[in-house]
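Colleague: Thanks for making time for this one. Shall we look at it together and talk through a few questions?

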Amino acid sequence: MSNDDESQPLIEYASFQSQETLFNCVQTINTDPDFNQVVYGYRKRRWRVILVHLLSILTCGIPYLFFHWCPTWLLYATSIRCCFQIADQVLVIETFQKKCKSYFIHKIIDKNVADASGLLNEGFEDEFGGEKGSLDSADDLYTPLHLDDGTKLNVQQYRYFRHKKQHLIWDAIRAQWLRLAGIERGVTCAQIHATAARPPCSERRLRILNIYGLNEIKVPVQSILTLIILEVFNPFYVFQLFTIAVWLAEPYYYYCIAIILMSTFGVATSVIQTKKNQESLRATVEAADTVELWGGRRVPSRALCPGDVLALPPRGCTLLCDAALLTGAAVVNESMLTGESVPVTKTALPRIDKEFDLKEHTSSVLFCGTKVIQTRYYTNEPVKAVVLRTGYSTSKGELVRSILYPVPADFKFDRDSYKFIIILACIALVGLGYTVALKTYRAMTVREIIIKALDIITIVVPPALPAAMTVGRLYAVGRLKKARITCLNTRAVNVSGSLDCICFDKTGTLTEDGLDMWGVVPVSTASSPPILGRPQRDPRLLNDLHELKIGMASCHSLTLLNGELGGDPLDLKMFESTSWLLEEPDVPEQANYDMLIPTVVKPRGAANINVDDLHVPLEVGIVQQYQFASQLQRASVAVRLLGEDVLRVYCKGAPETLRALCRPDTVPVNLDEVLSSYAEKGYRVIAMSTRILEVTYKQLQKMKREEVEIDLEFLGLVIMENRLKPATTSIIRELKEANIHVVMITEVDRGEFLSKRGSLSANNEEIGPIHQKNYDERLCYREQ
C-alpha cells in the first residue's frame, strides 16, 4: 500500500476557518479503544468504474477474484481520495497493537430525520400513521442527535456511515465524524428525570426511531450457498482448482479424485460448522417481547426508542434495552453480563444536578439482557424506567459486537504458516525456471514445457494442505469433546499446545462462589488510642446494641424473594451470622421512619433502647443504600433506629479505603499488624465504620455520596473465609509441573490481594506462588 494510505495522526480541529478543517480527508476516530482507527474519504469516478469492469470482463473475471480477496484494491481502482464533504464512501483502517491491520469499506448515507418511510413499511402504520398529536413544547419541533462527546446536533438532514454496527455522524460545523450515543451522554441526572417527565409524542418518537433504528440485535446468518462460495473462493481452494486442472492435463486422475474428495469434505465441514455457530449465536442473542409504556400503551420491544418511559411489572421481566430506574427499586439477575447468578438491587437514579456517568450510576441502570426478578415501589405505584440506549448501543449489543468483530488473534503459528508457504513458493519459482530452461534445451514442445513447469509448482506447494489442516483440527476437536471440552474456534486448537501461560479469575473459578464467616475483630474503646481487640468467632455473641453488629445487620443490599433472602453471598453470610431478621412491610408506616417504607432489620430476641425514658424495640430501618462500586471499594447505607431523630451511616469496604475516610483518632494503631496477619492466612478482611447524620430524609436525598461517607468512626474488621474448589490444587500443580506460568487476574486492594494469594495454599498443601498480574497499574480484570 502506498504511503498516502498509511495511518496518519489526528487532525487538529482548533479553527473552523482552517482549510484543513473544512476540507480534510482523513480523521482518527475512537469507537473501539482496542484499535487505532483512521478513516479516509473516497469518491467514485464513473470512468474508472467502467474501465475496471471492462478489463475484468476481457480477462475472464480474474481481477474480480483479486478484488474479492482484497476489496481495497477495488476501492483504489474505482475511487479517488477526497475530503469528507464530497465523499460517498469511507475506508476505515484499524490497527491492533501496531501489528495487525483490518480494512473496512462503508458507504456514506444521507438521511432525513423526518423521512421514516422505512419504519412505516415495517408495520408501524397503526401506531404512528394515524396519530397526529399537538406540539406542546419546543422539543416536539426538533429531534437532536446525541453525540459521543456529549454534544447535540440539531439538524433535519445528516450524513452517516455504519461501522461495526455503530453509527458515525458527520458534524458539518466541526468537520469530523462522531459516534451516535444514547440520550444519557452529556446530561445530568436531573435532566434525565426531566426528560422522562414528558415522554416524546408520536411524531417525535418516530423521528427518534428513524435516527436510532429499531431496538433489535440482529445476528447475520449467511445462506449455505453464500458460505460455500466464500469458502471455495478462498486462495487455498482456488490454488487447488488450478492444481486439479494441471493434473487432469497430465493426467493424474487418481490423485485428482483424492484431492477433490478431501477438499469437498473440508469445505462441507467448515460450512456446516460456520452455519451452526451463526444460528446458535442468533438463537442466543435475538429476543423480542411486548412491553408496557408509562400511560398504559403496549408496544413491541423492537419499537422502543430512547426517551420512552417503561412501566416495569411487579413480578419482573427481561430487559430488552438499557434503562435508568426513575422510581422504586428492582432486584435484577445480571448473570448474562457478569456470569454470576446473584440478585442485585437497583435503586432509583438520584434527582441531582450532577452529570450522569454510567460507571458511577451503575446501581441505577437496568442493562439489556438482564432479568428483573421483582420490582418494588411503595403505595403501589408503578416502577418506572427511562430508555437510554437500544439495539447494538446497549451493553448486550456491545457484547454481541465483540463476538461478531473479535480482536485479531495474532498467533505465531499462523505467521509461521505463511512464512512456510512463501519459502515453498520461492523454491517453486527456482524449480520453475530450471524446468523451463531444461525442457527448452531438450527441444520439447511448448505444451509439454508449460505442463511440466506448472507441475513443479503444484508439487512444491502442497495442494492438500488446507484439507489436511481441516481434518486434523476436526480430529482434535473430537478428542476434546470426549474430555467434555467445547471449542468454538477450531483455529485455536493449533496453538493450544504451545501455551506457556494460563490466567484464572478467582471467585467462582479457583474458589467456591460462597464465603464462610470466620469471625469479627471489634475495636476496643477502653484504651486510648483505640486498638483492635480479641477476635470474636461467633458474631451472635456480640451485644445487639454493638455498633459493629448493627452495621453487619444493616449494611447490605439483601432483599426478600418469595419469602427467602437473596443477594450478594458476602452480604448474605454477614447478615446470617448476626442471627437478625429482615422484614419488608407491605403496609406503609411512614410515621415511624419519616419516609417511604424501608427495609427493616431487627434482632430475633427482645432488645430495647432507651429514648426519652421510654423502652422502644430495637428496629433499624434502611432508608438509603449506596451500592458497592469497584472504583470506590466500598458500600454504605443510611439507617434510622426506631424512635431516634438522627440518621446513622454504616460503611463497609476495603480496610485501606475506609482508613482514609475515618477520623484519625478512631483508627486502631495496630490495624496494619492485624490486617496483615489475617490476610496472609488467606482470609478476606472487610472493615466497618459509622457516623451520625443530623439531617432529615429529604436533606439526605440532596447530599452527594462523598458528603455522606466522610468523618467516619472505625468499628472493626469482619473476617470471611473463601474456600478453594476441590480440583483447584491438583490442576494448578499439574500446570506448574508442565512449566506453564499460572496467573490470577483480579482487581483488589493490597490486603485483599494478600488474602487471595494466601487462600490458594491455606488449609491445603503448598502449590507454589500464584502471581497477580500488574496490580500497581490496575491493568487487570475486575473481580465481581
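Modeller: Happy to! Keep in mind that this is a predicted model. A good place to begin is Glu-583, which stands opposite a residue in E28.

Colleague: Which residue in E28 does Glu-583 stand opposite?

Modeller: E27 covers residues 580-583, and E28 covers residues 599-603. These two strands pair in the antiparallel sense over 4 bridges. The residue of E28 opposite Glu-583 is Val-600.

Colleague: Which strands stand at the edges of the open sheet of 9 strands?

Modeller: The order runs E24-E23-E35-E34-E33-E32-E31-E28-E27, with antiparallel pairing. An edge strand here has a single partner strand, so one side is left without a neighbour in the sheet. The two strands in that position are E24 (531-532) and E27 (580-583).

Colleague: At about what angle does helix H17 run to E33?

Modeller: H17 is formed by residues 547-554 and lies across several strands, including E23, E27, E28 and E31. E33 (647-653) is also one of the strands it lies across. The angle between H17 and E33 is about 75°.

Colleague: Moving to the surface, which element gives the most to the nonpolar patch?

Modeller: The patch has an area of about 690 Å², and its residues include Ile-62, Phe-66, Trp-69 and Leu-225. Two elements give two or more residues to it, helix H3 (62-69) and helix H8 (224-232). With 3 residues, the one that gives the most is H3.

Colleague: And what is the relative accessible area of Ile-62?

Modeller: Ile-62 has its place in helix H3 and belongs to the nonpolar patch. Exposed would need over 50%, so Ile-62 counts as partly exposed, with a relative accessible area of 49%.

Technical notes:
Residues numbered from 1 in each chain as written. Predicted model: local features only at pLDDT ≥ 70, side-chain atom pairs only at ≥ 80, totals over all residues. Heavy atoms only, no water. Patch = residues over 30% accessible without salt bridge, like charges linked within 9 Å, V, L, I, M, F, W, Y side chains within 5 Å. Areas by Shrake-Rupley, 256 points an atom, 1.4 Å probe, with all protein chains shown as cover. Salt bridge = Lys/Arg side-chain N within 4 Å of Asp/Glu carboxyl O. Buried < 20%, exposed > 50% of the residue type's maximum accessible area, 1.4 Å probe, protein only. Pairing = 2+ DSSP bridges. Contact = heavy atoms within 4.5 Å. Axes fitted to C-alpha atoms, helices over the stretch in contact; angles between N-to-C directions.
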